[in-house]
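Trainee: Could you take me slowly through one part of this model, the places where its chains meet, and explain each term as you use it?

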4 protein chains.
Amino acid sequence: VKNINLCLIEEKLDQFAKDRDWEQFHSIKNLSMALSVESSELMEIFQWMTEAQSNQIKEDEKKLNQVKEELADIFLYLVRISSKLGVNLELEALSKIELNNFKYPASLVKGSAKKYDEY
Amino acid sequence: VKNINLCLIEEKLDQFAKDRDWEQFHSIKNLSMALSVESSELMEIFQWMTEAQSNQIKEDEKKLNQVKEELADIFLYLVRISSKLGVNLELEALSKIELNNFKYPASLVKGSAKKYDEY
Amino acid sequence: VKNINLCLIEEKLDQFAKDRDWEQFHSIKNLSMALSVESSELMEIFQWMTEAQSNQIKEDEKKLNQVKEELADIFLYLVRISSKLGVNLELEALSKIELNNFKYPASLVKGSAKKYDEY
Amino acid sequence: VKNINLCLIEEKLDQFAKDRDWEQFHSIKNLSMALSVESSELMEIFQWMTEAQSNQIKEDEKKLNQVKEELADIFLYLVRISSKLGVNLELEALSKIELNNFKYPASLVKGSAKKYDEY
């Protein structure tokens with residue numbers, strides 16, 4: 001079982017910002033920009049690869065390490081924003097899955113890129 | 001204590017894709033694009049707000065609900081990619097905080113936007 | 001009068017790709033990713049600045065040069081995609097302005113951030 | 001010969017913002033966010049397509065029209081930012097092509113995705 005202790009991460013991020021007096025830069029607007037920039041940096045790693053090559057990234061240790069760092073950056077900003085807004089990430093994630101189950105009934109959308117795209 | 005049960009979310013996402021035969025669309029390349037698109041949708045909510053207004057988003061229930069949905073979407077794609085690559089998100093997040101503590105010593109960067117920016 | 005000779009830029013981009021045998025990487029999908037990545041790099045320059053600071057960027061020659069390079073990158077990918085799809089950028093831009101004039105009547109939306117945001 | 005009359009577009013954008021008293025929202029920071037959001041919306045159209053499908057977009061009139069609108073939005077924000085900063089887009093684009101010719105010599109990088117990626 002993989003349980004993530006979110007409180008620990010939230011506290012570390014909070015302390016990190018306080019120690020540097022960086023709270024002033026951490027408006028929700030700015031944090032949402034930073035999250036978008038980090039997501040773009042993740043995507044950049046794959047931009048000239050074929051889809052098949054992207055699925056083989058685990059075989060390239062150097063690139064996989066870059067990917068891990070970007071995933072961590074994205075996660076940290078996501079936790080930071082959620083923490084500041086009092087959002088329960090797990091609860092919202094499970095609710096969204098339920099919503100998607102309702103919006104995209106398997107019987108209707110199965111296997112079709114076209115349908116997938118239009119919903 | 002907020003513990004996130006990642007396994008549960010991973011399994012639900014896996015089942016969701018299998019039930020719809022959507023595994024074929026979920027290359028790492030495509031998932032990284034989807035993550036970037038969702039991050040951009042979060043940012044879009046704040047693009048014309050001042051920083052102060054973005055910090056008051058909790059007072060606007062309708063907008064806060066949009067924010068929660070976008071945060072959930074980002075988290076789901078983040079978990080999906082990490083799951084496919086066998087990446088331990090918590091471990092990587094804690095490592096990244098350690099690295100940042102080393103890269104940005106509080107004594108050096110404290111309170112300066114300029115320094116913050118240049119590191 | 002500033003007229004941009006698009007044909008010249010299109011031809012140079014075409015020759016550049018042909019000389020390197022990079023046409024194979026230039027699918028519309030990949031080019032749209034590259035355009036998004038470059039736009040994110042432009043935004044990254046401003047992410048921790050206040051809005052007022054961003055408006056003073058011209059006074060920082062080094063940062064302004066970075067901005068110019070990112071604007072050029074964005075423009076080049078935009079021209080490349082438009083060229084491949086046979087899209088007339090000027091025509092589309094003028095049509096979009098007309099459409100926006102229709103969608104956002106000055107009498108209705110004037111000066112209101114709230115309205116601006118909701119349209 | 002396709003010449004774009006940039007002055008005309010710049011003037012129309014300027015008038016559009018003035019008529020609505022929207023100058024106040026058009027800081028360089030906010031405009032760079034809007035440009036990034038529009039680029040992401042373009043990319044979203046292609047996110048679940050294969051590269052081959054993306055190259056066939058011209059055959060789907062409805063999707064092509066969406067693409068044209070997004071290209072126009074990107075171009076308008078690009079012109080707006082350049083205009084506000086006094087940047088000559090054509091000059092910067094031509095300079096960047098020269099720089100790229102220097103950075104990526106054809107003899108060195110020809111036909112190699114790997115090299116393409118590493119430069």
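Mentor: What follows goes from one residue to the contact around it, and then to the salt bridges.

This is a predicted model, in which local features need pLDDT of at least 70 and side-chain atom pairs count only at pLDDT 80 or more, while totals for chains, interfaces and linings use all residues. Residues are numbered from 1 along each chain as its sequence is written, chains are lettered from A and ligands numbered from 1 in the order in which they are written, and side-chain values use heavy atoms, with hydrogens and water left out.

Let us begin with D:S40, which lies in helix 2 of chain D, residues 28–46; helices are DSSP runs of H or I with at least four residues, numbered from the N terminus. D:S40 counts as buried because its relative accessibility is 4%, where buried means under 20% relative accessible area, exposed over 50%, and partly exposed in between, with a 1.4 Å probe and protein chains only. Leaving aside its neighbours within four places in sequence, D:S40 is in contact (heavy atoms within 4.5 Å) with B:S36, B:V37, B:S40 and C:S36.

Widening the view, the contact between chain D and chain B takes 18 residues from each of them. Together the two chains bury about 1500 Å², of which 62% is on carbon and sulfur atoms; buried area is the accessible area, with a 1.4 Å probe, that two parts lose on being put together, summed over both. Between chain D and chain B there is one salt bridge, which is defined as a side-chain nitrogen of Lys or Arg within 4 Å of a carboxyl oxygen of Asp or Glu. B:E51 and D:K29 form a salt bridge, with their closest N and O atoms 4.0 Å apart. On the side of chain D that touches chain B, the largest share, 12 residues, comes from helix 2 of chain D. That side divides into nine nonpolar, five polar and four charged residues, where Ala, Val, Leu, Ile, Met, Phe, Trp, Tyr, Cys and Pro count as nonpolar, Asp, Glu, Lys and Arg as charged, and the others, Gly among them, as polar.

Over all chains, the count comes to 29 salt bridges. One of them is formed by the side chains of B:D73 and A:K96, at 2.6 Å from N to O. B:D73 lies in helix 4 of chain B (residues 61–85) and A:K96 in helix 5 of chain A (residues 89–103), so this pair joins two chains. Both B:D73 and A:K96 are buried.

Another salt bridge brings together the side chains of A:E98 and B:K12, at 3.9 Å from N to O. This pair also joins two chains, because A:E98 lies in helix 5 of chain A and B:K12 in helix 1 of chain B, residues 6–20. A:E98 counts as partly exposed at 46% relative accessibility, and B:K12 is partly exposed with a relative accessible area of 31%.

Within chain B, a salt bridge links B:D14 with B:R80, whose closest N and O atoms are 3.3 Å apart. These partners come from distant parts of the chain, B:D14 in helix 1 and B:R80 in helix 4, 66 residues apart. At 28% relative accessibility B:D14 counts as partly exposed, whereas B:R80, at 5%, counts as buried. In chain A, salt bridges that share partners join A:D14, A:K18, A:E23, A:R80 and A:K84 into one network.
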